[in-house]
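Thank you all for making time this morning. I would like to walk you through one protein model, going slowly enough that you can follow each part on the screen.

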Amino acid sequence: MHVSDVKKFLRCKKLYKLATEDENSKPFPFMNINIDISESIKRKLDIKDTLSGEVNETAADSFEKMNKCAWIFKARFEYNDLRVKIPLFHLIADNICDIYFINCSIYINDDMGIDMSLCQYVLSNCGLQIRNIYLLYLNKDYIREKNLDDKKLWILTDSFSKNGNGKKIKDIVNKYSYDWNDLLQQMKDYHDEDFPNKQPGCSGRKRCSYYEKCFPDKVIKEDNSILTLVSGRYKEKMYDNGIRYLKDADIDLIEGNRVQYAQIMADKADGLFVDKLALKDWLSRFEFPLSFIDFEWDLFPIPPYEMMKPMDVLLFQYSLHVYDGNELKHYEFIGEHDDRLPLLESLLQAIPQTGTILAYNANGAEKLRLKELSEYFPQYREQIEDITKRIVDMALPFINGVVYDVRMRGNFTLKTLENMIDKEHSYNNLEVGNGVQAVEIHRLMEKSDDKEKLNYYKQLYEYCGLDSYSLYELYQWLNKILSH
């Protein structure tokens, strides 16, 4: 067993069981770790000699390493069938040590307290006494120059507060009330629960990936199922009471927001609801030429290039479709390394200086990326700000309840809409069908040969190109349903 297994068990016993049996449960690393963390920490702490633990090593192996070197990265220990990996172990004296946890984040909180408590439990039962517990996390105010400054990059603390005046990490960890011996025994004895009790986290904002396995009777089968009701706190209660469809929703058990109204009315009107006055007013504000734009980017906890901060994103691709009312033109750019400036200059040259610019979920995506570019390259700030002012979020008619089609099934992503209105250009037909896959492919490009790289370029162009083309098709579809 590992620390991650214990945390799953604490959250949900069924989750622990299913994840243990799932061979494909390893999540995609959303953060792009572009440097050797161990080497960076060594420079931060002025450590000269270190050893590193290896996969499948035992406590005996770690003790043997301790006889050779005081500092060990990823030291492995185990007790009571629980295996832990100490990010950085420092032997101070005989059986006395300090341990360091490394958090690739700019935020500091006590979420790692359980990890620390479990590590302390194992180490103490291996005969080791922990003198102090430290945490290394990223400095949000650090701005990279030409070379990475590891001293400024990391912040070292023994407190769960940013100013270091709060309670000591070790004191907080010592107060954890878990009886780890008892909990580990429960995990060993646990087999399964035939009928797990539904918890708020099962189907909340971050829906559990095993939800349908636990509650197969709640799988959404029809487009107009009551289970598609957006923000419906009591939708499952209605379902259990025999209400199966949106049109039959209990008025006393709905929140009554605009989207729910649109969903219910869509089901009562053969599947589509349109507030034509609101949609006509919204579309009438568009000015030609229309620009449909989409960006792709990667997240770097450690800044890889100049002017970047910890947890910055690197914009590596744009796709732009421009429609003048008659002709549709396409422009695109993919960068490999630090191509922020060439990408920006390409975009400024391609995008019209007038007209409405449309993006999907623009406030949380395209507008933010443009703001970052204006900070990197202030010489283009005025032009970038002009673009930003002309951007309109194409998600608005959907998230505001102006338009709803039951085929959306409570989902408001661009991919859901494109797959709904155009089967010929479906994302399901692409090798790269979502943003996560696009990021993964882009990471592979740097280490690929020329033939592989050309194939990756093709996949990225097709995916991002479909994103901006989908916006154009969505615009045409909205006009079509308005005219009916």
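Which residue takes a positive phi in the hairpin of strand 3 and strand 4? Please keep in mind, as you look for it, that this is a predicted model. The residue is Asn95, with a phi near 60 degrees, and the hairpin has 2 residues between its strands. The hairpin of strand 2 and strand 3 also has 2 residues between the strands, and there Asn80 takes a positive phi near 55 degrees.

Let me now turn to the sheet that these hairpins belong to. Its 6 strands form an open sheet in the order 1-2-3-4-5-6, with mixed pairing. The edge strands are strand 1, at residues 51–52, and strand 6, at residues 154–157, and each of these pairs on one side only. Helix 4, residues 59–66, packs on the sheet and touches strand 1, strand 2 and strand 3, while its direction makes about 145 degrees with that of strand 2.

If we go through the pairs one by one, strand 2 and strand 3 are antiparallel and share 8 bridges, and here Phe77 stands opposite Val84 in strand 3. Strand 3 is joined to strand 4, residues 96–103, by 5 bridges, again in the antiparallel sense, and Phe89 has Ile99 in strand 4 as its bridge partner. Further along, strand 5, residues 129–138, pairs with strand 6 in the antiparallel sense over 4 bridges, and Leu136 stands opposite Leu156 in strand 6.

A word about the backbone, since I began with phi. Most residues other than glycine have a negative phi, and most peptide bonds are trans. Lys74, which is found in strand 2, has a positive phi of about 55 degrees although it is not a glycine, and Lys74 is partly exposed, with a relative accessible area of 39%. Arg409 likewise has a positive phi of about 55 degrees without being a glycine; you will find Arg409 in the loop between strand 13 and helix 17, partly exposed at a relative accessible area of 27%. As for the peptide bonds, the one from Phe288 to Pro289 is cis, with omega near 0 degrees, and Pro289 is found in the loop between helix 12 and strand 8.

That loop brings us to helix 12, which spans residues 276–284 and has Leu279, Trp282 and Leu283 buried. Why do these buried residues lie on the same side of helix 12? They do so because they cover an arc of only 95 degrees around the axis. The face turned away from that buried side carries the exposed residues Leu277, Lys280 and Ser284. What covers the buried residues includes strand 7, strand 12, helix 16, strand 13 and helix 19.

Finally, let us look for empty space inside the model. The count comes to 1 cavity of 30 Å³ or more, and about 40 Å³ of space lies in the largest cavity. The largest cavity is lined by Val313, Leu315, Arg340, Arg369, Glu372, Leu373 and Tyr376. Strand 9, residues 312–323, and helix 14, residues 366–376, are the elements that give two or more residues to this lining, and helix 14 gives the most, with 4 residues.

Conventions. Residues numbered from 1 in each chain as written. Predicted model: local features only at pLDDT ≥ 70, side-chain atom pairs only at ≥ 80, totals over all residues. Heavy atoms only, no water. Buried < 20%, exposed > 50% of the residue type's maximum accessible area, 1.4 Å probe, protein only. Arc of directions from axis to C-beta. Contact = heavy atoms within 4.5 Å. Pairing = 2+ DSSP bridges. Axes fitted to C-alpha atoms, helices over the stretch in contact; angles between N-to-C directions. 1 Å grid on protein atoms, 1.4 Å probe; cavity = no way out; pocket = protein on both sides within 12 Å on 5 of 7 lines; lining within 4 Å. Points joined across faces, edges and corners; volume = space filled by probe spheres on them.
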